[in-house]
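Me: I'm new to this one. Could you take me through the place where the ligand sits?

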Amino acid sequence: MSKRLSGRVALVTGAARGIGLAAAKRLAEEGAKVLMSDIDADVLAEAAAGLEAQGLIVQAAVCDVADPQSVAAMVDKAVAAWGRIDILINNAAISDDTPIEQLSDAHWRHVLSINLDSALHVAKAALPYLKQSPSGSIVNIASVQGIRGQPHAMAYATAKGGLVNLTRCMAVDFGPFGIRANAVAPGYIDTRMAEQKLGTPHEHQTDWFQDIYFKYGRMPLRRAGKPQDVAGPILFLASDDSLYVTGTVLVVDGGFTATY
Ligand code: NAP
């Protein structure tokens with residue numbers, strides 16, 4: 001039986017760990033050939049070798065998504081390997097919680113260049129190939145912080161909010177070419193990024209963390225998300241199961257934003 005993504009080529013940024021790695025695995029398990037890219041060469045090589053050892057078809061490309069030349073080389077590598085690009089997962093990002101008093105112009109630009117400009121650069125470089133695909137799909141990984149404010153998250157949340165509307169603009173401009181564009185907005189997902197921002201799982205036992213996330217109905221499902229919880233929704237948006245879905249934001253947050 002053919003798999004959902006048989007014959008397709010996917011490009012996943014920030015694929016060395018966390019949500020990007022889970023997405024790369026899920027897409028490859030559904031038959032896609034996956035170009036995994038990341039800025040961290042060693043962790044990326046290990047992650048790609050791990051998926052290859054499971055019989056999945058992947059290649060690794062070191063890439064800084066904030067650098068258009070590096071992005072062009074990543075796209076070239078996918079096309080040189082497999083001759084096409086059907087699916088683009090713009091996932092790479094950095095966390096940031098700098099308060100405005102310490103937020104220099106250079107730092108603001110740094111965060112926006114990785115977390116927002118990158119999606120434009122990658123989509124621009126991949127567009128000629130996506131246009132040739134009968135089933136082009138872009139999935140931008142935003143955040144609940146792109147639809148809500150959070151303390152000291154001006155740069156990060158503004159970038160993610162921009163990414164949400166960039167997704168809608170991509171859907172409008174690319175729709176006539178048969179290319180869909182959607183965003184996934186994760187809530188709290190247990191990855192290294194969340195750990196850097198909110199502490200280690202041990203620290204999660206603190207009253208502060210429990211109060212914020214699990215009491216008072218703030219987290220209806222009463223647990224943090226796992227990268228695999230986000231990979232399924234990404235697969236849905238990348239696959240033909242969502243052929244008439246474009247310009248949407250799929251919130252994956254255990255119900256966090258359903259409350260106030
Ligand atoms: P993660 O574990 O930190 O993984 C992100 C990966 O992206 C890392 O391997 C990182 O490399 C890489 N990266 C950073 N800057 C890059 C650059 N300039 N070029 C290429 N790769 C770069 O993060 P995650 O939690 O899986 O996050 C994945 C996506 O989900 C991000 O867009 C994030 O904003 C979003 N998200 C996450 C959460 C959450 O709770 N975890 C919630 C909402 C949204 P380095 O290790 O070298 O930095």
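Reply: Here is a walk around the ligand and the pocket that holds it.

Keep in mind that this is a predicted model. The ligand sits in the largest pocket, and that pocket has a volume of about 900 Å³. Of the 39 residues lining this pocket, Ala93, Ile94, Ser95, Thr191 and Met193 are the closest to its centre.

Now to the ligand itself. It has 28 residues around it, and the closest are Arg17, Asn91, Tyr156, Thr191 and Arg192. Sorted by class, this shell has 16 nonpolar, six polar and six charged residues. The lining of the largest pocket, for its part, is made of 20 nonpolar, eleven polar and eight charged residues.

Next, look at a few contacts made by nitrogen atoms of the ligand. One nitrogen lies 2.9 Å from an N or O atom in the side chain of Asp64. The protein backbone joins in too: a ligand nitrogen is 3.4 Å from a polar backbone atom of Ile39, and a ligand nitrogen is also 3.4 Å from a polar backbone atom of Cys63. As for cover, the ligand taken alone would expose 890 Å², and the protein buries 92% of that.

What about the helices? Helix 1 (18–29), helix 5 (154–174) and helix 6 (192–198) are the elements giving two or more residues to the shell around the ligand. Helix 6 gives the most, with three residues. Helix 6 also supplies the largest share of the lining of the largest pocket, six residues.

Methods: Residues numbered from 1 in each chain as written. Predicted model: local features only at pLDDT ≥ 70, side-chain atom pairs only at ≥ 80, totals over all residues. Heavy atoms only, no water. Near = heavy atom within 4 Å. Polar contact = N/O pair within 3.5 Å; in protein donor to acceptor, adjacent residues only side chain to side chain. Areas by Shrake-Rupley, 256 points an atom, 1.4 Å probe, with all protein chains shown as cover. 1 Å grid on protein atoms, 1.4 Å probe; cavity = no way out; pocket = protein on both sides within 12 Å on 5 of 7 lines; lining within 4 Å. Sits in = over half its atoms within 2 Å of the grid points. Helix = DSSP H or I, 4+ residues; strand = E, 2+ residues; numbered from the N terminus. Nonpolar A, V, L, I, M, F, W, Y, C, P; charged D, E, K, R; others polar. Points joined across faces, edges and corners; volume = space filled by probe spheres on them.
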